[in-house]
Amino acid sequence: QLQTVESGGGLVQPGGSLRLSCTAPGFTLANYAIGWFRQAPGKEREGVSCITSRGGVIKYADSVKGRFTISRDSAKNTVYLQMNSLNAEDTAIYYCASCAVATMSALSAWGQGTQVTVSS
């Protein structure tokens, strides 16, 4: 079962940027479609973005289109989520997992996540 590790979260001001990283020690991420998900306080976990194993298909939630960019670097065995123009509604714990691109649903176990807090 794929085990992912997220990093890169932190505190950022509204309008700022962060880049999250997803790795999977002992696994080859290039073999999987990988997605980013988030869970805000008091809300259900939601899909943010998903990228196929070769990067040919990418899907974004409407709430992040034009602001977030998912990418992958097979040489570094890492999937990134570049987040720009952050606002308070983006505050959440962010997770990565293997995903089904069509439904943007998670297919593997959750890691510990990384906290993103957008606040002035």
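**Exercise 1. Where is the place of Met104?**

Welcome! Keep in mind as you work that this is a predicted model.

*Solution.* Step one: find the strands on either side. Met104 sits in the loop between β9 and β10, the latter covering residues 105-106. Step two: look at the backbone. The phi of Met104 is positive, about 50°, although this residue is not a glycine. Step three: check the exposure. Buried means under 20% relative accessible area, so Met104, at 12% relative accessibility, counts as buried.

For a second case, turn to Asn77. Its phi is near 50°, a positive value in a residue other than glycine. Asn77 belongs to the loop between β7 and β8.

**Exercise 2. Trace the salt bridges that involve Arg38, and follow them on to other residues.**

*Solution.* Here is the idea to start from: side chains of opposite charge can pair when their charged atoms come close.

- Step one: begin at Glu46. Its side chain meets that of Arg38 in a salt bridge, with 2.7 Å from N to O. Glu46 counts as partly exposed, because its relative accessibility is 34%. Arg38 counts as buried, because its relative accessibility is 5%.
- Step two: move on from Arg38. A salt bridge also joins Arg38 to Asp90, and their closest N and O atoms are 2.9 Å apart. Arg38 lies in strand β4 (residues 34-39) and Asp90 in the loop between β8 (78-83) and β9 (92-100), so this pair ties together parts that are 52 residues apart in sequence. Both Arg38 and Asp90 are buried.
- Step three: continue from Asp90. Its side chain forms a salt bridge with that of Arg67, at 2.7 Å from N to O. Arg67 is in the loop between β6 (58-60) and β7 (68-73), and the pair links distant parts of the chain, 23 residues apart. Both Asp90 and Arg67 are buried.
- Step four: put the pieces together. Through shared partners, these salt bridges join Arg38, Glu46, Arg67 and Asp90 into one network. A search of the whole structure finds four salt bridges.

**Exercise 3. Describe the surroundings of Glu6, a buried residue without a salt bridge.**

*Solution.* Step one: place Glu6 in strand β1, residues 5-7. Step two: look for a partner of opposite charge. The nearest such side chain is that of Arg45, 7.4 Å away. A salt bridge needs the side-chain nitrogen within 4 Å of a carboxyl oxygen. Step three: look for other polar atoms. A polar atom of the Glu6 side chain lies 2.9 Å from the backbone nitrogen of Cys96.

Now try Thr91 in a similar way. Thr91 is found in the loop between β8 and β9. With a relative accessible area of 18%, Thr91 is buried. A polar atom of its side chain lies 2.9 Å from the backbone nitrogen of Val118.

**Exercise 4. Explore the largest pocket and the residues that line it.**

*Solution.* Step one: note the volume, about 160 Å³. Step two: pick out some lining residues. Among them are Arg38, Glu46 and Thr91, which you have already met, as well as Pro41 and Lys43. Step three: sort the lining by class. This gives four nonpolar, two polar and five charged residues.

**Exercise 5. How many residues apart in sequence are Ala33 and Ile51?**

*Solution.* Step one: count along the chain, which gives 18 residues. Step two: compare with space, where the two C-alpha atoms are 5.5 Å apart. Step three: place Ala33 in the loop between β3 (18-23) and β4. Ala33 counts as buried, because its relative accessibility is 17%.

Technical notes. Residues are numbered from 1 along each chain as its sequence is written. This is a predicted model: local features need pLDDT of at least 70, side-chain atom pairs count only at pLDDT 80 or more; totals for chains, interfaces and linings use all residues. Side-chain values use heavy atoms; hydrogens and water are left out. On a 1 Å grid over the protein atoms alone, a cavity is a set of points where a 1.4 Å probe fits but cannot get out, and a pocket is an open set with protein on both sides within 12 Å along at least five of seven lines; lining residues have an atom within 4 Å of a point. Grid points are joined across faces, edges and corners, and a volume is the space filled by probe spheres set on the points. Ala, Val, Leu, Ile, Met, Phe, Trp, Tyr, Cys and Pro count as nonpolar, Asp, Glu, Lys and Arg as charged, and the others, Gly among them, as polar. Buried means under 20% relative accessible area, exposed over 50%, partly exposed in between (1.4 Å probe, protein chains only). Helices (H or I, at least four residues) and strands (E, at least two) are DSSP runs, numbered from the N terminus. Lys and Arg count as positive and Asp and Glu as negative; His and the chain ends are not counted. A polar contact is a pair of N or O atoms within 3.5 Å; within protein, one must be able to donate a hydrogen and the other to accept it, and residues adjacent in sequence count only if both atoms are side-chain atoms.
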